[in-house]
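Me: I should be grateful for a close look at one strand of this protein and at what surrounds it. Please explain the reasoning in terms that a first-year student can follow.

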Amino acid sequence: QDEQHWRVVVDYEVETLIPTIGFINGAIGVDTNIDRIAIAEISKDGNYVNSQTLVNSRLKDGSTHKRNYDIGCLVKQVINLAKEKQKGIVFENLNFKKDWTWNKKRNRIKSNFVWRKFIELLERKCIQHGIMYRKVNPAYTSVIGKVKYKNMFGITTHESAAYVIARRGLNFNEKLSVYSCEAKRVKKKVMGT
């Protein structure tokens with residue numbers, strides 16, 4: 001810092017609230033992507049209630065400060081929805097390795113992907129507001145959502161992935177099937193996607 005500017009850091013301890021909002025009424029699933037966050041609300045028996053996509057192009061291309069601000073705004077929207085609906089939040093337990101390749105575009109996308117900041121802030125805000133949360137394995141959520149639920153509910157692939165995430169949070173197992181398709185042809189259809 002110079003003579004005219006000072007940087008002040010305030011550090012304080014926050015009490016951990018006992019969670020008052022749980023999974024009794026259902027759950028809200030959150031699917032994180034490079035430029036959007038998809039949210040799906042389910043009832044306590046795992047049925048689809050509602051979904052929405054929060055698109056923000058600055059998450060991909062904005063400066064660090066703009067991205068941090070936008071992440072905060074998105075987390076606030078998710079927290080407010082959970083408080084309004086009185087439902088716990090389920091999100092992916094993402095753990096990407098930084099395995100760089102010769103593909104510059106892919107490396108840039110990976111380095112700019114703000115999933116870690118979003119997930120960490122969402123987790124902290126859940127604790128701060130007394131909202132229960134669960135992290136689930138993200139394996140095949142997009143594939144299952146796209147093949148099984150996208151056409152059934154008329155929603156986007158990301159919203160259907162958020163729906164699968166929410167169902168996993170309530171311990172519903174997914175058996176891969178395709179809406180209006182015979183069981184014999186499911187594997188062939190999935191392999192083609």
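Reply: Before turning to the strand, one may consider a cysteine of this predicted model. Cys126 has a relative accessible area of 0%, so this residue counts as buried. Cys73, in contrast, is partly exposed, because its relative accessible area is 30% and the buried class ends under 20%. A disulfide is a covalent bond between the sulfur atoms of two cysteines. The number of disulfides in this structure is 0.

The strand chosen for the close look is S4, which spans residues 88–92. S4 is mostly covered, since 5 of its 5 residues are buried. One side of the account concerns its pairing with other strands. Strand S1, residues 26–32, runs parallel to S4, and 4 bridges join the two. Within this pairing, Gly29 has Val90 of S4 as its bridge partner. S4 also pairs with S5, again in the parallel sense and over 4 bridges. Here the bridge partner of Ile89 is Tyr133, a residue of S5.

The aromatic residues add a further link between S4 and S5. The structure holds 6 aromatic pairs. In one of them, the ring centres of Phe91 and Tyr133 are 5.7 Å apart and the planes meet at 15 degrees, so the pair is stacked; the cut-off for stacking is under 30 degrees. Because Phe91 belongs to S4 and Tyr133 to strand S5 (residues 133–136), this pair ties together parts that are 42 residues apart in sequence. The two partners can also be described by their accessibility. Phe91 has 0% relative accessibility and therefore counts as buried. Tyr133, at 27% relative accessibility, counts as partly exposed.

A second aromatic pair is formed by Phe153 and Tyr163, which is edge-to-face, with 5.4 Å from centre to centre and 80 degrees between the planes. Phe153 lies in helix H5 (residues 141–153) and Tyr163 in helix H6 (residues 157–169), so this pair ties together parts that are 10 residues apart in sequence. Phe153 counts as partly exposed at 29% relative accessibility, whereas Tyr163 is buried, with a relative accessible area of 3%. Phe153 and Tyr163 also belong to one aromatic cluster with Tyr48 and Tyr149. Another kind of arrangement involves Arg134, whose charged end sits over the ring of Phe23, 4.0 Å from the centre of that ring.

The strand may now be placed in its nonpolar surroundings. The largest nonpolar core has 22 residues, and Ile89, Phe118 and Leu122 are those with the most contacts inside it. The elements that give two or more residues to this core are S1, strand S2 (36–43), helix H2 (64–85), S4 and helix H4 (115–129). H2 gives the most to this core, with 7 residues. For Phe118, leaving aside its neighbours within four places in sequence, the residues in contact are Val30, Thr32, Ile37, Ile71, Leu74, Val75 and Val78. Apart from the largest core lies another core, of 15 residues, including Ile144, Tyr149, Ala166 and Leu170.

To summarise, S4 pairs in the parallel sense with S5 and is joined to S1, also in parallel. S4 is likewise among the elements that give two or more residues to the largest nonpolar core.

Definitions and conventions. Residues are numbered from 1 along each chain as its sequence is written. This is a predicted model: local features need pLDDT of at least 70, side-chain atom pairs count only at pLDDT 80 or more; totals for chains, interfaces and linings use all residues. Side-chain values use heavy atoms; hydrogens and water are left out. Rings of Phe, Tyr and Trp (its six-membered ring) pair if their centres lie within 6.5 Å; planes under 30 degrees apart count as stacked, over 60 as edge-to-face and the rest as tilted. Buried means under 20% relative accessible area, exposed over 50%, partly exposed in between (1.4 Å probe, protein chains only). A charge sits over a ring if NZ of Lys or CZ of Arg is within 6 Å of the ring centre and within 35 degrees of the ring normal. A disulfide is a pair of cysteine sulfur atoms within 2.5 Å. Two strands pair if DSSP finds at least two bridges between them. A nonpolar core is a set of buried Ala, Val, Leu, Ile, Met, Phe, Trp, Tyr and Cys residues joined through side-chain atoms within 4.5 Å. Contact means heavy atoms within 4.5 Å.
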